[in-house]
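Hi,

Here is the structure I promised to pass along, with my notes on it underneath. Have a look at it when you get a moment.

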Amino acid sequence: MTQHTPRGTDGATSAGAPLPGTVPTRDGDPGSPAPTGPTFFGQPRMLANLFSVETWERFSFYGMQGIVLLYMYFTAAEGGLGIDQATAAGIVGAYGGAVYLFAIVGGWVADRVLGSERTMFLSGVLIMAGHVSLALLPGVAGLAVGLILIAVGSGGLKTTITNLVGSLYDRRDPRRDAGFSIFYMGVNIGGLLGPLLTGWAQQTWGFHLGFGLAAIGMALGLTQYALNRRNLPDEVHHVPNPLPRSEYGKWIGIAAAGLGVVVVAVLTGVLNAGNLADVVVVVILVAAVALFAILLTSSKVDDDERSRVRSFIPMFIGSAAFFALFQQQFTVVTIYSDTRLDRTLGDWTMPISWVQSFNPFFIILLAPVFAALWTRLGARQPATPTKFGLGIVLMGSAFLVFLPMVGVSAVPVLWIALILLVATLGELMVSPVGLSLSTKLAPRSYPVLMVALNYLSVALGTALSGSLAGFYSEQAESAYFGTLGAVTIGIGVLLLVVARPVTRAMRGVR
């Protein structure tokens, strides 16, 4: 990290020249220290370590998610638990939504209690323990313990590892965006390989070996990280905003009370497997309304910032609608791949979970194309609300592509690849753009809460994907895909119609 001198706020000399040993940015400001010694594709060497952790974590996460729904609704004779298919899909949706809820909790723990580095490492340990539980503990108990541990751990890791990557760069370092692009490739490499290998292991030797392979992947990433974690910048080893000791009792009491409410709800039957996704949807909605209320009523938010927060409301709704369909690749699309696809090639049958590798494969191919397109267009590129609207229309259109195959007894695998290609095009218009937008619209006094709102939109859509999956059946395919596709396209078109006033409300942010 650049050591700033007392002569200027940006670390430059009074003459404005960059400090010795730094990489100047395009506008002449000093950047970060010039690379000296081994680098990783021209980036700080520790990026390789974090890249590896994220690759293996995504390998385990998507590898497990590729087979866990099948594990739930397959019969005992097939190695599964025999849970009702709609209930199983709801559990998967609720689990996915919980991951993003725990991301907010993980960020708070990192900022107030443990620091980013320790929170990330302990989160990884929880993830590995969750996969081990799925692999070794039998029945519903093993499923529950495994999913809870993975949800808590994935939420904690999701927020903290991004901060660790950012800590490798000075905020003016021109390598920063490229470094995050390389890191994001690790996400998609893991997402590509995970379903391929765990699906193959599940089909060849059974579910528990598939879960075990996910645990091994997470263990490899953690081992490499543990050997090099001391080389991270000093700042990530410290707690940035320590919680006073006097408040520990209060927060422990709040956590215990929340856990007690959940336990009582489960024991009394108020919360059960059948309504889990719906309950998570309600919790997310309450949290989102509360966060919007805090931002819109705070005296620390000025008029321009309040206008920007209001402009995010239609974006929040659009993002939730997008992910309500997009995340069905882990619910309805998995069921569809099991029951409707012709996955045979001669004497070989493609594992069901391999379908989930199409999306990361398309991301790896297309993300550089979109990045180059936005760079080339520069100021002429569409404003963010327009990108959102187009992405949502594409996602709705992907569901309409299911319709020509209604009534076809064996749907070609390439048809589902086409559907996921259209969905991926929509994802590239919404997912990375939404996270970037939330950081640009955030009030100065509440930068984290705005990012939390973006995560809550993803959480809401993911939980809804589980609730909606309960309405799917082969007999109702035409109504299911047609209705959801048309409604989602309508939401996208509406966002395109209001794109200009929303952009104006962003007060200078595009």
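The lining of the second largest cavity divides into two nonpolar residues, seven polar ones and no charged ones. Please keep in mind as you read that this is a predicted model. The residues around that cavity are Gln65, Val92, Gly93, Gly96, Gln327, Phe330, Thr331, Thr462 and Ser465, and the space inside comes to about 40 Å³. Two helices, H2 (85-114) and H14 (447-469), each supply at least two residues of this lining. H2 gives the most, with three residues.

Gly461 belongs to H14 as well. With a relative accessibility of 0%, Gly461 counts as buried, because buried means under 20%. Leaving aside residues up to four places away in sequence, Gly461 touches Ala320, Phe323 and Ala324. Gly461 can also be set against Gly93, one of the residues lining the second largest cavity: the two are 368 residues apart along the chain, yet their C-alpha atoms are separated by 8.8 Å.

Now for the other cavity. The structure holds two cavities of 30 Å³ or more, and the largest has a volume of about 60 Å³. Its lining is made up of Leu325, Phe326, Gln329, Val333, Met395, Ala398, Phe399, Phe402, Ile419, Leu420 and Ala423. The elements that give two or more residues to this lining are H9, H12 and helix H13 (413-441). By class, the lining of the largest cavity has ten nonpolar residues, one polar residue and no charged residues. For the second largest cavity, the corresponding split was two nonpolar, seven polar and no charged.

Two of the phenylalanines lining the largest cavity, Phe326 and Phe399, lead on to the aromatic side of the story. How many aromatic pairs does a search of the whole structure find? There are 27 of them. In one, Phe322 and Phe326 have ring centres 5.4 Å apart and planes at 20 degrees, so the pair is stacked; the cut-off for stacking is an angle under 30 degrees. These two residues are four apart in helix H9 (residues 303-326), which means that about one helical turn separates them. Both Phe322 and Phe326 are buried.

Phe399 and Phe481 make an edge-to-face pair, with 5.5 Å from centre to centre and 80 degrees between the planes. This pair links distant parts of the chain: Phe399 sits in helix H12 (residues 384-400) and Phe481 in helix H15 (residues 477-497), 82 residues apart. Are these two rings buried or exposed? Phe399 counts as buried at 3% relative accessibility, and Phe481 is buried too, with a relative accessible area of 1%. Both residues are part of one aromatic cluster, in which they are joined by Tyr336, Phe402, Tyr472 and Tyr480.

Charges over rings turn up in two places that you may like to look at. Arg58 lies over the face of Phe61, at 4.2 Å from the ring centre. Arg229 lies over the face of Phe121, at 4.1 Å from the ring centre.

Phe61 comes up again in the surroundings of His131, a residue of helix H3 (residues 116-136). Not counting residues up to four places away in sequence, His131 touches Ser60, Phe61, Met64, Ile150, Phe211, Ala214 and Ala215. His131 has a relative accessibility of 0% and so counts as buried.

Thr334 is another buried residue, at 4% relative accessibility. Its place is in helix H10 (residues 332-339). Again not counting residues up to four places away in sequence, Thr334 touches Leu69, Leu70, Tyr73, Gln328, Gln329, Ile352 and Gln356. Gln329 is also among the residues that line the largest cavity.

Last comes Ala287, found in helix H8 (residues 276-297). Ala287 counts as partly exposed, at 25% relative accessibility. Ala287 and Leu101 are 186 residues apart in sequence, and 9.2 Å separates them in space, C-alpha to C-alpha.

That is everything from my side. Happy browsing!

Best wishes

How values were computed. Residues numbered from 1 in each chain as written. Predicted model: local features only at pLDDT ≥ 70, side-chain atom pairs only at ≥ 80, totals over all residues. Heavy atoms only, no water. Buried < 20%, exposed > 50% of the residue type's maximum accessible area, 1.4 Å probe, protein only. Contact = heavy atoms within 4.5 Å. Phe/Tyr/Trp six-rings, centres within 6.5 Å; stacked < 30°, edge-to-face > 60°. Lys NZ or Arg CZ within 6 Å of the ring centre and 35° of its normal. 1 Å grid on protein atoms, 1.4 Å probe; cavity = no way out; pocket = protein on both sides within 12 Å on 5 of 7 lines; lining within 4 Å. Points joined across faces, edges and corners; volume = space filled by probe spheres on them. Nonpolar A, V, L, I, M, F, W, Y, C, P; charged D, E, K, R; others polar.
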